[in-house]
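Here are a few exercises to work through with the model open in your viewer. Try each task before you read its solution.

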Amino acid sequence: MRRGRFAPSGSAAERGNMAAAAPAARWASAAAAAALLLGCCGAVLAGGIQDQAEQFFKSGHTNNWAVLVCTSRFWFNYRHVANTLSVYRSVKRLGIPDSHIVLMLADDMACNPRNPKPATVFSHKNMELNVYGDDVEVDYRSYEVTVENFLRVLTGRIPPSTPRSKRLLSDDRSNILIYMTGHGGNGFLKFQDSEEITNVELADAFEQMWQKRRYNELLFIIDTCQGASMYERFYSPNIIALASSQVGEDSLSHQPDLGIGVHLMDRYTFYMLEFLEEVHPASQTNMNDLFQVCPKSLCVSTPGHRTDLFQRDPQNVLITDFFGSVRKVEITTETISLDRNLAGFESELPKDVLATEPLKYADQLPVAQIIHQKPKPKDWHPPGGFILGLWALIIMVFFKTYGIKHMKHIF
Amino acid sequence: AVSVSVVFLPGSVPADLPRRLPYGDVREERVPVSCKSPAVCTARPPRGAWEALRAVPYGDTFLPRLSRVAPGSSVCWQSCLCSQPSLLPLPQGVNVYVGKHRSALVRAGQGLAILHARLQQLLQVVSLTASSIAAALSDRVPDGQLGPDAWRHLKSSLGYEITFSLLNPDPKSHDVDWDIEGAVNHYVQPVLDKLSLVANFSVDSQILYYAVLGVTPRFDKESSSFILSAHSLPHVINPVEARLGSSAASLYPVLNFLLYVPERSHSPLYIQDKDGAPVATNAFHSPRWGGIMIYNVEVPASPQTSLPLHVDVDMLRVMEVFLAQLRLLFGISREELPPEFLVESPGNEGLADWELDRLLWAHALENIATVSTTLTSLAQLLDQISNIVIKDDVASEVYRAVAAAQDAVAELAEGHLHSAFQASKEAVTSSERAFFDPSLLHLLYFPDDQKFAIYIPLFLPMAVPILLSLAKMLREARQNKKEPTKMD
């Protein structure tokens with residue numbers, strides 16, 4: 001069990017590479033101050049643009065995405081769907097719109113025939129909190145949640161017919177939250193009870209994303225047994241990883257509901273949900289608080305995190321940098337002057353020439369033709385490959401057994 | 001490369017010219033941009049080639065005559081110099097007036113050195129500088145070198161979707177009517193036509209009812225109006241964004257421009273900036289997303305007017321702000337101008353010719369850099385997975401991307417901006433198609449160690465008796481050679 005640089009959250013937070021974060025901030029804010037001083041006002045273009053320099057240097061992202069994956073099916077894995085939906089709910093509440101969330105649920109618990117309360121998925125016992133809500137949008141559902149589709153979403157190598165809601169259209173200034181839950185083991189995560197994704201594949205997928213600059217910073221959270229093994233192999237920059245248990249430990253579920261009959265949530269995600277319920281879009285809670293979210297006394301397993309690939313100090317990373325969507329704004333101080341009386345633009349596009357004869361539907365299925373069709377004479381092809389080999393074998397065996405003198409009876 | 005022709009007005013030829021007119025001079029300047037892959041950073045800044053023409057007669061029609069230099073295939077600038085301030089209609093303290101059609105008036109009577117300096121400054125303003133090159137190459141340049149506007153501007157893309165939305169949270173009190181189609185045809189379409197070289201644009205509009213901002217504004221007693229302070233602005237966008245929607249079919253980035261008509265109970269609503277001063281435009285924008293403007297409805301004089309009030313939105317005022325925000329989002333606007341510069345307003349076209357050139361240049365640079373990194377990482381992927389299958393069309397896309405990128409670099413070096421940009425666009429399309437081809441998923445190709453892991457448990461048990469019997473046969477053969485078997 002390697003402890004090395006992947007500190008359990010109980011000990012002091014590891015400092016990642018401090019690269020050029022602090023000196024760059026100082027240099028650039030000095031340059032920004034100098035730029036502000038230099039701003040001049042022409043008589044026509046009014047004012048310089050107020051630069052909120054300090055906002056830009058906290059994090060360099062302009063939009064947020066979330067990829068939330070639940071990989072297990074069957075009714076008794078209700079808790080994994082509830083985990084994913086509770087993170088989905090927090091992320092939506094903190095501001096990320098559905099168009100920026102890719103939600104993958106491997107099974108349908110809300111409308112499962114065994115659900116005594118249809119259209120609900122609860123996270124707290126006694127049915128206190130329904131995380132399914134009224135406006136959940138599942139992008140990949142049931143059998144569409146496969147390792148291949150997950151990797152296609154991450155790397156962007158998607159067939160062109162995929163709709164926009166199923167794509168991760170992030171750019172180099174996107175912060176992405178990736179949350180995965182299900183059954184896992186040392187170095188793999190099981191998808192749908194039939195296949196698995198290994199930590200090497202996941203690390204390669206992240207590297208492909210980094211090569212194409214599909215993310216600015218990535219927060220990877222995994223809630224499975226031996227979850228820390230999944231982030232061991234990451235080697236791309238700007239990734240923070242959190243896991244619910246170390247290698248060799250199991251993540252445990254929280255509490256069963258006797259009315260529904262299954263365990264409702266996993267411990268790590270349960271306490272993370274309670275932590276996130278306190279966060280609102282303007283709050284200043286940072287990553288260090290998230291690292292402490294489930295101490296061993298509550299979680300039984302030891303959650304771990306990995307920050308050595310991350311350039312900023314986790315102390316300066318706000319929760320809303322990943323879970324929310326707080327956009328940088330600037331006041332618009334300039335306008336351009338338009339002339340109202342200038343002749344309007346007449347559309348120069350050629351108007352479509354209207355069809356002169358009425359249009360009618362083409363025959364969808366030429367039934368008459370099919371019924372009265374004569375069978376097409378098919379070309380004869382000599383037998384190839386397998387048939388030839390089979391006959392050669394049969395003939396060889398026959399002549400071996402009975403001797404060559406029977407040849408004249410055949411031919 | 002940019003060629004600049006300098007027209008001297010009568011009486012303004014500096015005394016210390018090294019040669020007789022006309023003459024040409026070439027100056028090259030290397031812009032140092034340090035970045036991680038030096039192969040990419042051979043960005044060539046403008047070269048100034050001057051040509052002084054004969055004296056041009058001066059008259060009332062002077063300025064219009066200086067306009068519209070026929071671009072032909074290379075970017076060409078005309079600047080005009082005068083030493084006697086009375087001859088030029090420039091206001092005091094302004095030494096350079098930049099027109100919108102690639103021409104400028106420069107006041108420099110004091111000698112060649114000042115002339116050089118002013119022209120240098122002019123070229124810096126209208127052309128690329130180190131910071132804008134670094135911004136264009138932003139993901140390949142180490143973070144320390146980037147300025148604050150490195151990630152403000154939209155990335156170069158083949159198309160953009162622009163959506164105008166009217167938010168009316170209180171339809172019971174305000175019946176808002178906006179002639180968006182007319183405004184788009186009148187004001188927006190000329191700008192988009194000028195930008196059509198850069199990308200394809202599609203424009204939509206929508207009206208959203210009962211869409212509230214995420215923040216409750218405070219009431220300010222002194223001005224008896226409602227105030228939205230600057231630090232609450234980031235939280236305004238989120239609740240609205242979920243309802244904005246976007247076209248399902250296209251993958252282009254979306255620019256949202258929202259016009260918010262505050263509720264009657266929260267009218268009038270003003271935005272305050274960080275120092276507490278009200279913002280003249282009553283608008284704010286978010287980089288790479290779009291802009292929001294708040295349109296206050298005048299409270300009617302008589303309190304008995306029947307609700308809902310009919311409101312006809314003044315689209316000119318609105319479009320002035322939206323188009324200014326569009327310029328900012330694209331990075332067309334120039335923040336810091338040297339103090340003696342005056343730039344002509346672009347008017348209804350939205351942007352000056354030289355601003356368009358700058359945008360094309362920056363986008364072309366960005367495209368070429370993207371192509372080189374994409375193809376490099378594709379090559380790295382192929383090295384990693386040795387048994388990957390490259391389909392023919394992927395291969396042809398790669399060849400096309402390489403050829404187009406080389407074209408683009410050559411054209412940029414000569415200054416043929418439009419063809420360079422087209423070539424760079426083609427290169428980017430081909431390289432993206434090659435890189436994101438669905439068949440290149442690394443999951444589909446087993447690494448060699450996994451293949452061993454699958455086949456060894458199958459074949460090793462089978463192979464053991466075969467190998468042992470082979471070994472026995474060899475031993476017997478060797479023994480037979482040593483002592484021939486006794487024949488009985």
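**Exercise 1. Find what B:Ile271 touches, leaving out residues up to four places away in sequence.**

Step 1. Count a contact when heavy atoms lie within 4.5 Å. B:Ile271 then touches A:Ile331 of the other chain letter, plus B:Leu228, B:Leu233, B:Ala277, B:Pro278, B:Val279, B:Asn282, B:Ala283, B:Phe284 and B:Ile294.

Step 2. Place the residue: B:Ile271 is in strand E13 (residues 269–271) of chain B. Helices (H or I, at least four residues) and strands (E, at least two) are DSSP runs, numbered from the N terminus.

Step 3. Check burial. Buried means under 20% relative accessible area, exposed over 50%, and partly exposed in between (1.4 Å probe, protein chains only). B:Ile271 sits at 0%, so it counts as buried.

Before going on, some ground rules: this is a predicted model, where local features need pLDDT of at least 70, side-chain atom pairs count only at pLDDT 80 or more, and totals for chains, interfaces and linings use all residues. Residues are numbered from 1 along each chain as its sequence is written, chains are lettered from A and ligands numbered from 1 in the order in which they are written, and side-chain values use heavy atoms, with hydrogens and water left out.

**Exercise 2. Look on either side of E13(B) for backbone oddities.**

Step 1. Start with the loop between E12 and E13 of chain B, which holds B:Pro268. A cis peptide bond joins B:Ser267 to B:Pro268, with omega at about -20 degrees.

Step 2. Move to the loop between E13 and strand E14 (283–286) of chain B, where B:Asn282 lies. B:Asn282 isn't a glycine, yet its phi is positive, about 55 degrees. With a relative accessible area of 7%, B:Asn282 is buried.

Step 3. Why flag these? Most residues other than glycine have a negative phi, and most peptide bonds are trans.

**Exercise 3. Work out where the largest nonpolar core lies relative to the domains of chain B.**

Step 1. Get the bounds, which come from an automatic or database domain assignment: domain 1 (3–137), domain 2 (159–330) and domain 3 (353–443).

Step 2. Build the core as a set of buried Ala, Val, Leu, Ile, Met, Phe, Trp, Tyr and Cys residues joined through side-chain atoms within 4.5 Å. The largest one has 55 residues, and B:Phe164, B:Leu195, B:Leu259 and B:Met319 touch the most other members.

Step 3. List the contributors. Elements giving two or more residues include strand E7 (159–168), helix H4 (180–194) and helix H7 (353–384) of chain B. H6(B) gives the most, with eleven residues.

Step 4. Conclude: domains 2 and 3 of chain B both give residues to this core, so it lies between them.

Step 5. Add the domain contact: seven residues of domain 2 of chain B meet ten of domain 3 of chain B. Their centres, taken over C-alpha atoms, are 37 Å apart.

**Exercise 4. Describe how H8(B) and H9(B) pack.**

Step 1. Fit lines to the C-alpha atoms over the stretch in contact, and take the angle from 0 to 180 degrees between N-to-C directions. The angle is about 155 degrees, and the axes are 7 Å apart.

Step 2. Classify it: under 35 degrees is roughly parallel, over 145 roughly antiparallel, 65 to 115 roughly perpendicular, and the rest oblique. H8(B) and H9(B) are therefore roughly antiparallel.

Step 3. Name the residues in contact: among them are B:Ala401 and B:Ala408 of H8(B), and B:Ala420 and B:Ala427 of H9(B).
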